[in-house]
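Work through these exercises with the sequence and the 3D structure open. Try each task before you read its solution.

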Amino acid sequence: MKSFKIILKEIKDAPENKIEKVLAHYNWLASVDNGCEMWGNCPSGHVSERQKCFHISNDVGLYHCFSCGASGDVFNLIMLLEKCSFAEAVRIAAKRAGKDIDIEKASQLERESKEMSLILTDAASYCHKTGMEEEWFPALMLQRYGLTASTLEKYKIGYCSGQDLYDHLIKQGHRMEMVLSSGLFYMGTHGPVEVFGNRITFPYFFKSDVKYFIGRITHHHPNKDAPKYTKLATGDGSKADMSHPSIKNDIIYGEDSIIGDTDIVLGAEGVTDALMALQLSIPTISAVTLKFNKAQFERLSIILKNRTVIVVGDRETSGIGENGALYNAAKLYELGITVKIAEIPERTGVVYIGQDFPPTFTLPLGKRDFNDWGREEGIKAWEVIKTSALPYPEYKILKILKDIKDIEVTENKIVAAFENFLILPEEELENIAERLKSKFKFKEKEWDKIVKKILKKAKKHKGSILHGELLGTNGILLNSDRMYCEVLKDVESHVSNYKHLFSHGNVLVAIKDDQYKELIKGHEFQSYFSRNICESYIEYIEEKDDGTKELKRRYLPLPEVIAKSIASTPWQFGIKDIQVFSRAPILNLKYERLSPGYNVEEKAYYAGTNIEPVKNDQSIIKSFLLDWPWEDEASFENFLASCLFRFISHHHPGSIPSCLILGNQQGLGKSFLAFFQSLIFEGEQTTPISLSKIDDDELTKQIVSILLTGKQTILFDNIKSKSLASPVVEVLLTSPRIGLRILGSNKGLNQVNTTQVFFTLNEGNVCKDIIDRSIPIKLKLIGDPKKKNWKYPDFTSSVLEHREQIIAEFLGMWAKWCEAGKPLSDKRHRFIKFGHIIGGVLEVNGYTNFLNNLENISEERDDLIQDFMELITILQLNVPYTASEIADVCVAKKLFINVLDNSNRKSLAIKCSNLLSRFIGRQFVGKDGESITFTAVADKNANANKYLLKTIEESPEVRNPPEL
């Protein structure tokens with residue numbers, strides 16, 4: 001059943017509800033610009049110095065009035081024209097689209113949206129009041145950031161103490177369920193906890209109402225390693241259980257400042273940069289945290305139309321702020337906005353501020369942002385920016401040439417730097433070249449030769465037709481009258497018709513049936529994507545030296561800037577985002593099977609066929625798996641559990657237990673258990689990875705090469721080390737998202753972590769963290785495995801032959817559990833939901849030994865326990881030892897080497913004390929067979945800082961410790 005949110009989107013996207021068609025219904029007159037954009041007078045009657053101040057953009061489904069600031073989608077437009085409520089506007093739009101709609105739900109959503117805005121506005125006021133009552137807060141904001149009390153009041157900048165915001169909002173009469181869904185709180189052990197506790201709060205305003213929040217860490221925060229910024233959780237579906245659907249991160253910080261006839265806008269990098277500009281009455285927008293998101297770019301594409309935005313970034317050593325500014329500038333330029341870039345001059349002296357309160361802030365030589373510059377220079381800084389800013393193409397070309405290190409800037413390098421902008425009008429290319437001439441040591445004739453090369457190269461991109469054979473189109477017109485951002489819109493309409501293109505983990509992929517092919521972004525993009533999808537032939541007229549003209553045709557990719565735009569921002573072209581790709585059926589949050597193809601609510605793509613569940617029968621599964629030499633029933637059921645979890649693992653990223661497969665010898669089929677899963681869920685055998693002689697860079701390459709094919713099964717085969725101290729392995733086991741990039745390459749990925757990791761080993765121990773994150777599967781065979789009769793000698797072919805039947809039986813186990821009311825088990829595991837849910841599925845299907853061997857495995861294979869067992873054979877009975885003395889023994893005997901590193905003596909003693917506390921009170925069998933226990937004994941000051949091994953039957957006789 002479709003969610004109300006999806007139904008609203010379908011109504012809004014219906015052809016009958018295109019904004020121009022709605023306006024035509026009300027006899028609104030407008031002039032058409034570039035096909036999908038229109039200008040006219042504001043329907044609400046506002047007048048402006050601009051003759052036509054009302055702009056609509058059908059490609060993003062938004063409108064904006066540059067006079068009154070009115071903006072929104074088709075629902076907002078109908079509300080404006082009909083002077084009606086949101087619910088009534090939805091009813092009118094639904095009728096136009098021929099769809100049924102639950103008006104009561106629409107009315108409820110409107111009421112709750114207004115209530116949520118009041119809650120956020122009240123929260124902003126309360127945090128502002130709380131901050132101003134703190135002596136340090138106004139001093140910090142003035143001395144560190146130069147923000148006056150009137151600015152703090154106007155923009156309701158505040159401080160969240162982390163104590164009583166919830167109680168205040170309830171006392172204001174707001175409903176508890178709405179307050180809890182505001183995104184301002186999360187549920188802790190003892191009740192609601194403030195998300196922005198011990199942070200400065202910056203509300204986002206839209207027409208005097210607060211619509212969003214962001215918080216910045218302060219020196220009061222207890223966790224100094226916490227993220228610098230925290231954002232309000234949105235209700236976009238990713239955290240729907242927390243936040244109301246009306247909370248969206250699409251409002252632009254400072255948006256209210258550009259209402260009216262504002263021609264030039266400052267694009268500031270950080271929030272304090274933006275506030276300093278607003279304090280100086282400069283029209284300003286800010287991404288706050290480096291980059292605007294997709295929804296914000298869509299709003300900016302319309303509210304910045306016919307305006308110039310000057311982007312500035314921080315002058316800092318890391319270059320992060322500058323890179324963020326360049327990213328925003330590039331995206332705005334691609335959207336057809338006039339963009340300039342200004343650099344902030346370096347500071348020439350060290351500035352000390354904040355002397356009246358801790359900590360003291362130092363502004364060092366060189367480093368500077370707009371907040372610093374505006375505080376030091378005032379409005380003069382803005383005047384310098386306006387006069388020094390360079391148009392984006394010119395700045396980008398100049399930067400490319402500046403970045404050429406240790407190589408003399410040559411004629412060819414300069415021509416190559418213009419590559420991304422060859423579609424610009426010839427006159428503009430000449431003007432850019434003229435302005436750049438003084439920056440390089442070329443003679444007049446040499447420079448003229450360079451300019452001619454640039455213009456000649458540009459002609460090959462203009463006045464031509466690009467045919468899209470695979471897209472089934474008549475081509476894309478490229479000529480000197482069209483900016484490449486307009487060409488992008490043509491590309492968008494073509495590419496969006498190519499139904500098998502998706503974005504998965506920031507990599508563009510093509511999916512047809514069950515075939516998954518990644519399309520690499522960046523320079524490698526042209527080698528596949530442009531050749532197979534966007535590239536065909538270009539026809540162009542070449543004028544020969546004798547004056548004759550000849551029609552020529554040759555293969556040529558799209559201009560690089562267009563190709564990169566499609567590859568790096570696929571969402572801009574209507575390409576759907578895939579969070580999960582699976583070749584086997586997956587279940588939604590209600591444990592219902594998803595249909596083949598793309599599922600918009602789950603953002604999942606199932607590349608397979610409909611498979612009906614087979615209940616009360618696991619005969620095919622058993623015919624394959626019961627052939628293995630399981631040491632106990634728990635091991636067999638644990639493996640079933642890992643298979644069952646694959647159907648829902650995408651709902652638990654970062655909480656997927658690995659499979660620890662243990663065996664008493666080689667040849668038991670440990671690796672084949674991983675192969676069985678990969679054959680079932682991915683249709684092909686996974687590639688084993690060895691951890692023995694491999695560094696992290698090579699390991700990353702191997703993992704990325706597997707994941708880039710859509711597979712999610714990783715097998716670390718025959719591991720031998722006690723500890724898997726690899727950051728890459730740690731990411732696979734702990735992180736909700738996988739972000740891996742191969743050094744020296746632009747190949748990489750960033751995707752939801754749904755990997756199923758297998759570890760196989762014969763002998764030896766592993767670290768406790770691996771055991772806690774795994775489910776143990778033990779195999780044991782007495783005799784020669786080669787002499788065992790396997791039922792399916794051609795294992796791979798047999799599994800693939802019965803693959804759909806096996807999947808149907810697993811689905812049947814899920815179906816039977818759902819029919820039983822989805823009972824949860826009391827089985828305990830580090831990943832709680834795994835133990836409860838999967839344990840419940842197994843118990844309903846008659847399996848009751850799940851995880852019963854977990855404790856035994858911990859005792860047998862935990863390297864810490866094994867090292868401790870060796871330690872107690874060394875320590876003398878009934879002799880008290882200090883932690884420092886035991887640490888000396890461990891270092892000498894190379895015990896606990898992964899815990900007791902090369903620290904100083906005091907640090908070693910502390911680490912050893914923490915480690916030993918784990919074993920206090922436990923009973924062991926000594927080397928002579930006696931029962932002994934490990935205890936802590938108090939010294940004369942009653943501090944438990946000595947440790948003792950004693951037999952359980954006798955009282956200890958305390959003696960002096962031996963020499964170590």
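How many nonpolar, polar and charged residues does the lining of the largest cavity have?

**Ground rules.** This is a predicted model, in which local features need pLDDT of at least 70 and side-chain atom pairs count only at pLDDT 80 or more, while totals for chains, interfaces and linings use all residues. Residues are numbered from 1 along each chain as its sequence is written, and side-chain values use heavy atoms, with hydrogens and water left out.

**Exercise 1. Describe the largest cavity and sort its lining by class.**

Step 1. Fix the term. A cavity is a set of points, on a 1 Å grid over the protein atoms alone, where a 1.4 Å probe fits but cannot get out; lining residues have an atom within 4 Å of a point. Grid points are joined across faces, edges and corners, and a volume is the space filled by probe spheres set on the points.

Step 2. Count and size. There are eight cavities of 30 Å³ or more. The largest holds about 160 Å³ of space.

Step 3. Find the lining. The largest cavity is lined by 15 residues, and Phe581, Ser582, Arg646, Gln712 and Thr754 are the closest to its centre.

Step 4. Assign elements. Helices (H or I, at least four residues) and strands (E, at least two) are DSSP runs, numbered from the N terminus. β27 (580-582) and α24 (670-682) are the elements that give two or more residues to this lining. The largest share, three residues, comes from β27.

Step 5. Sort by class. Ala, Val, Leu, Ile, Met, Phe, Trp, Tyr, Cys and Pro count as nonpolar; Asp, Glu, Lys and Arg as charged; the others, Gly among them, as polar. The lining of the largest cavity has six nonpolar, six polar and three charged residues.

**Exercise 2. Work out the order of the five-stranded sheet and name the helices that pack on it.**

Step 1. Recall the principle. Strands of a sheet pair through backbone hydrogen bonds, either parallel or antiparallel. Here two strands pair if DSSP finds at least two bridges between them.

Step 2. Read the order. The open sheet runs β31-β32-β35-β30-β36, with parallel pairing. β31 (688-689) and β36 (774-779) each have a single partner strand, so one side of each has no neighbour in the sheet.

Step 3. Check one pair. β30 (residues 658-663) and β35 (residues 756-761) run parallel, joined by four bridges. Ile661 stands opposite Thr760 in β35.

Step 4. Add the helices. Contact means heavy atoms within 4.5 Å. Axes are lines fitted to C-alpha atoms, for helices over the stretch in contact, and angles run from 0 to 180 degrees between N-to-C directions. α24 packs on the sheet and touches β30, β31, β32 (713-716), β35 and β36; its direction makes about 160° with that of β35. Helix α26 (residues 727-734) also packs on the sheet, touching β30, β32 and β35, at about 125° to the direction of β35.

**Exercise 3. Trace the four-stranded sheet.**

Step 1. Read the order. This open sheet is β6-β9-β10-β11, with antiparallel pairing. β6 (158-160) and β11 (229-231) are the edge strands, pairing on one side only. The twist averages 35° from one strand to the next.

Step 2. Follow the hairpin. Eight bridges join β9 (residues 199-206) to β10. Pro203 stands opposite Phe213 in β10. Two residues lie between the strands, and Lys207 takes a positive phi near 55°.

Step 3. Move to the edge. β10 (residues 209-217) and β11 run antiparallel, joined by three bridges. Ile214 stands opposite Lys231 in β11. Gly215 has Thr230 as its bridge partner in β11.

**Exercise 4. Classify how α29 packs against α24 and α30.**

Step 1. Take α24. Its axis and that of α29 (residues 803-819) come within 9 Å and cross at roughly 90°. Angles under 35 degrees count as roughly parallel, over 145 as roughly antiparallel, 65 to 115 as roughly perpendicular and the rest as oblique. α24 and α29 are therefore roughly perpendicular.

Step 2. List the contact. Phe676, Leu679, Ile680, Phe681 and Glu682 in α24 meet Arg803, Ile806 and Ile807 in α29. By class, these residues are six nonpolar, no polar and two charged.

Step 3. Take α30. The axes of α29 and α30 (residues 832-844) come within 9 Å and cross at roughly 95°. That makes this pair roughly perpendicular.

Technical notes: On a 1 Å grid over the protein atoms alone, a cavity is a set of points where a 1.4 Å probe fits but cannot get out, and a pocket is an open set with protein on both sides within 12 Å along at least five of seven lines; lining residues have an atom within 4 Å of a point.
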